[in-house]
Amino acid sequence: MRAPDDVAPLLAAIGEGTIRPEGIVGILGKTEGNGCVNDFTRAFAIRALRDALAPHVGAERLDEISMVMSGGTEGALSPHMLVLERRENGSGPSPALAIGSTRTADLAFEHLGRREQVLMVADGVRAAMADAGFTDPADVHFVQIKCPLLTAERIAEAEARGASVATRDTLKSMGLSRGASALGVALALGEIDETSIGNDVIGRDMSVFSSRASTSGGVELLDHEIVVLGMSDEWCGDLVVDHAVMVDQIDAESVRASLMRLGFSGNGQIAAAERPRLKALLAKAEAGSTGSLRGHRHTMLDDSDISSTRHARAFVAGVLAGLVGHSEIFVSGGAEHQGPDGGGPVALIASRPDDGISITTGRA
């Protein structure tokens, strides 16, 4: 993407027949804004996408496509879009990458960051799983969610109705929304029990998390857009997905292990000749709450000029780029309840090896 509204490559792919717009179920994009409350590059990108796709799919179908834009391309992160499409009557080996998506109802502002949001998202994840045909949560490797946040206007609207919001800090509302959404994933996938979810846990107890959730807050929506990725025996094709969980921001070893499960050689560092096989790399980045990394102090949490999420995105992107040899990586900042404190889940989508090397990715 040359700019947030650059849809020319997408339209070119549609014109060439590489992408069939009627099969698009989700578009995940990295846009070059600040990734904070006032990052309108996300809405700008979505407007351009809707205008571009409307003539091809129609208004009703357009509303069914999840458009998850994640702001922030700090460092050398490359602005790009990942278009997820599914086709009927395909061919190829099984199991293979399976994709499901859904959108929830609009979230009441007073429910953001609270138990009600967790339960709504859990129901949404289950619906997205059903859309892909998943019956066992163990087949799911990654759940990408775009969730709403609070603005001064939204807070005022709730308070005018006599309702109270979880926070009046709009930036903090992003973290609470991300965290509640991640716990919804954990609940839907059976990683936690419903009885363990209380308002006192959300955004506070980071020992409770999902190992397969990636959530991103934005001002451009009021509902939740949910995309589920996994492996299914009911699907066939050349693409496979695997996931890893980074225990901290420099945990390259977990990602190396995933690359090796996907059949990449080079001890988990992709050689130049193999790079075309890796179709997408999605990751969460988090500064963590301790202010230190493996015993050494960092300043990400103390910088009043730049949000810690912006530091973390650039830092984690550099670690991952060193493994895969390029910077077209989807790194989302703010990993509340997404992996262990300071770490985060990673998903890798790749084509199968053409040299007979076996892959070991399967159930989560």
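A residue counts as buried when its relative accessible area is under 20%, as exposed over 50%, and as partly exposed in between. The exercises below apply this to a predicted model.

**Exercise 1. Decide whether Ala188 is buried or exposed, then find what surrounds this residue.**

Step 1. Place the residue. Ala188 lies in helix H6.

Step 2. Apply the cut-off. Ala188 has a relative accessible area of 10%, so Ala188 is buried.

Step 3. List the contacts, leaving out residues up to four places away in sequence. Ala188 touches Ala122, Val125, Arg126 and Pro137.

Step 4. Compare sequence with space. Ala188 and Ala127 are 61 residues apart in sequence, and their C-alpha atoms are 9.8 Å apart.

**Exercise 2. Classify Asp123 by its relative accessibility.**

Step 1. Asp123 is found in helix H4.

Step 2. Its relative accessibility is 49%, so Asp123 counts as partly exposed.

Step 3. Look for a distant partner. Leu187 is 64 residues from Asp123 along the chain, yet 9.2 Å separates the two C-alpha atoms.

**Exercise 3. Describe the largest nonpolar core and its best-connected residues.**

Step 1. Recall the general background. In soluble globular proteins, nonpolar side chains tend to be buried together.

Step 2. Count. The largest nonpolar core has 85 residues.

Step 3. Find the hubs. Val125, Val143 and Val228 have the most contacts inside this core.

Step 4. Ask which element gives most. Helix H6 (residues 170-188) supplies the largest share, eight residues.

Step 5. Look for another core. A second, separate one has 19 residues, among them Ala13, Ile19, Ile46 and Ala48.

Step 6. Return to one hub. Beyond its neighbours within four places in sequence, Val228 is in contact with residues including Ala98, Val125, Met129, Phe134, Phe142 and Val143.

**Exercise 4. Work out the strand order of the four-stranded sheet and say which strands stand at the edges.**

Step 1. Recall how strands join. Strands of a sheet pair through backbone hydrogen bonds, either parallel or antiparallel.

Step 2. Read the order. The four strands run E4-E7-E5-E6 in an open sheet, and the pairing is mixed.

Step 3. Find the edges. Strand E4 (96-103) and strand E6 (213-218) each have a single partner strand, so one side of each is left without a neighbour in the sheet.

Step 4. Add the twist. From one strand to the next, it averages 15 degrees.

Step 5. Examine one pair. E4 and strand E7 (residues 225-232) are antiparallel, with eight bridges. One bridge links Thr102 with Ile226 in E7.

Step 6. Add the helix. Helix H4 (residues 115-132) packs on this sheet and touches E4, strand E5 (140-148) and E7. The directions of H4 and E4 make an angle of about 135 degrees.

**Exercise 5. Do the same for the three-stranded sheet.**

Step 1. The order is E2-E1-E3, in an open sheet with mixed pairing.

Step 2. Strand E2 (66-71) and strand E3 (80-85) stand at the edges with a single partner strand each, so each has one side without a neighbour in the sheet.

Step 3. The twist averages 10 degrees from one strand to the next.

Step 4. Strand E1 (residues 24-31) and E3 run antiparallel, joined by six bridges. Gly29 has Met81 in E3 as its bridge partner.

Step 5. Helix H2 (residues 41-57) packs on this sheet, touching E1, E2 and E3. Its direction makes about 150 degrees with that of E2.

**Exercise 6. Compare the backbone and surroundings of Arg294 and His337.**

Step 1. Check phi. Arg294 has a positive phi near 50 degrees and is not glycine. His337, also not a glycine, has a positive phi of about 60 degrees.

Step 2. Locate them. Arg294 lies in the loop between strand E10 (292-293) and strand E11 (296-297). His337 lies in the loop between strand E12 (330-333) and strand E13 (344-351).

Step 3. Apply the cut-offs. Arg294 has 53% relative accessibility, so Arg294 counts as exposed. His337 has a relative accessible area of 1%, so His337 is buried.

**Exercise 7. Find the cis peptide bond that involves Pro95.**

Step 1. Pro95 is found in the loop between E3 and E4.

Step 2. The bond joins Ser94 and Pro95, with omega about -5 degrees.

**Exercise 8. Identify which charged ends sit over the rings of Phe330 and Phe264.**

Step 1. For Phe330, the charged end is that of Lys30, 5.7 Å from the ring centre.

Step 2. For Phe264, the charged end is that of Arg277, 4.1 Å from the ring centre.

Terms used
Residues numbered from 1 in each chain as written. Predicted model: local features only at pLDDT ≥ 70, side-chain atom pairs only at ≥ 80, totals over all residues. Heavy atoms only, no water. Lys NZ or Arg CZ within 6 Å of the ring centre and 35° of its normal. Core = buried A, V, L, I, M, F, W, Y, C linked by side-chain atoms within 4.5 Å. Buried < 20%, exposed > 50% of the residue type's maximum accessible area, 1.4 Å probe, protein only. Helix = DSSP H or I, 4+ residues; strand = E, 2+ residues; numbered from the N terminus. Contact = heavy atoms within 4.5 Å. Pairing = 2+ DSSP bridges. Axes fitted to C-alpha atoms, helices over the stretch in contact; angles between N-to-C directions.
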